[in-house]
Amino acid sequence: MTIAQSKVTAQGQISVPVDVRRKLGIGPGSVLEWEEDGGKIIVRRAGRFSSADIHQAVFGTRKPKPRSLDELKQGIRQYAQKRYARG
């Protein structure tokens with residue numbers, strides 16, 4: 001389902017429609033990531049983490065043990081800090 005359309009300028013620039021900016025939570029200075037997935041291109045706000053990223057950060061490769069909400073939040077916080085520290 002198409003949400004919106006953008007026109008590409010001669011310089012290769014596009015405008016992101018307001019509805020899309022709202023859904024992605026982006027504004028001036030936001031960075032977008034472009035990812036190829038088979039025959040599709042996925043655009044998302046940089047810095048968002050998938051559930052697989054969070055699972056890997058919290059549990060690594062071992063079988064997960066039950067965690068408290070505070071432990072999960074701390075694992076997510078540590079992962080985000082490491083990722084942003086790399087640049």
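The legends below describe close-up views of a predicted model.

**View 1. The largest pocket and the residues that line it.** The largest pocket holds about 320 Å³ of space, and its lining is made up of 15 residues, with I3, A4, S6, P17 and V20 lying nearest the centre. Both α1 (18-24) and β1 (32-37) contribute at least two residues each to this lining, which by residue class comprises 11 nonpolar, four polar and no charged residues.

**View 2. A salt bridge within helix α1, between R22 and D19.** The two side chains meet at 3.8 Å, N to O, and the residues are three apart in helix α1, about one turn of the helix. R22 is exposed, with a relative accessible area of 63%, whereas D19, at 42%, counts as partly exposed.

**View 3. Salt bridges centred on E33.** The side chain of E33 meets that of R44 at 3.1 Å, N to O, a pair that links distant parts of the chain, since E33 belongs to strand β1 and R44 to strand β2, 11 residues apart. E33 also forms a salt bridge with R83 (3.7 Å, N to O); because R83 lies in helix α3 (residues 69-86), this pair ties together parts that are 50 residues apart in sequence. Through shared partners, salt bridges join E33, E35, R44 and R83 into one network. E33 is partly exposed at 24% relative accessible area, as is R83 at 28%.

**View 4. A nonpolar patch on the surface.** V8, I14, W34, I41 and V43 form this patch and together have about 500 Å² of accessible area. Among them, V43 lies in strand β2 (residues 40-45) and is partly exposed, with a relative accessible area of 32%.

Note on methods: Residues numbered from 1 in each chain as written. Predicted model: local features only at pLDDT ≥ 70, side-chain atom pairs only at ≥ 80, totals over all residues. Heavy atoms only, no water. Patch = residues over 30% accessible without salt bridge, like charges linked within 9 Å, V, L, I, M, F, W, Y side chains within 5 Å. Areas by Shrake-Rupley, 256 points an atom, 1.4 Å probe, with all protein chains shown as cover. Salt bridge = Lys/Arg side-chain N within 4 Å of Asp/Glu carboxyl O. Helix = DSSP H or I, 4+ residues; strand = E, 2+ residues; numbered from the N terminus. Buried < 20%, exposed > 50% of the residue type's maximum accessible area, 1.4 Å probe, protein only. 1 Å grid on protein atoms, 1.4 Å probe; cavity = no way out; pocket = protein on both sides within 12 Å on 5 of 7 lines; lining within 4 Å. Points joined across faces, edges and corners; volume = space filled by probe spheres on them. Nonpolar A, V, L, I, M, F, W, Y, C, P; charged D, E, K, R; others polar.
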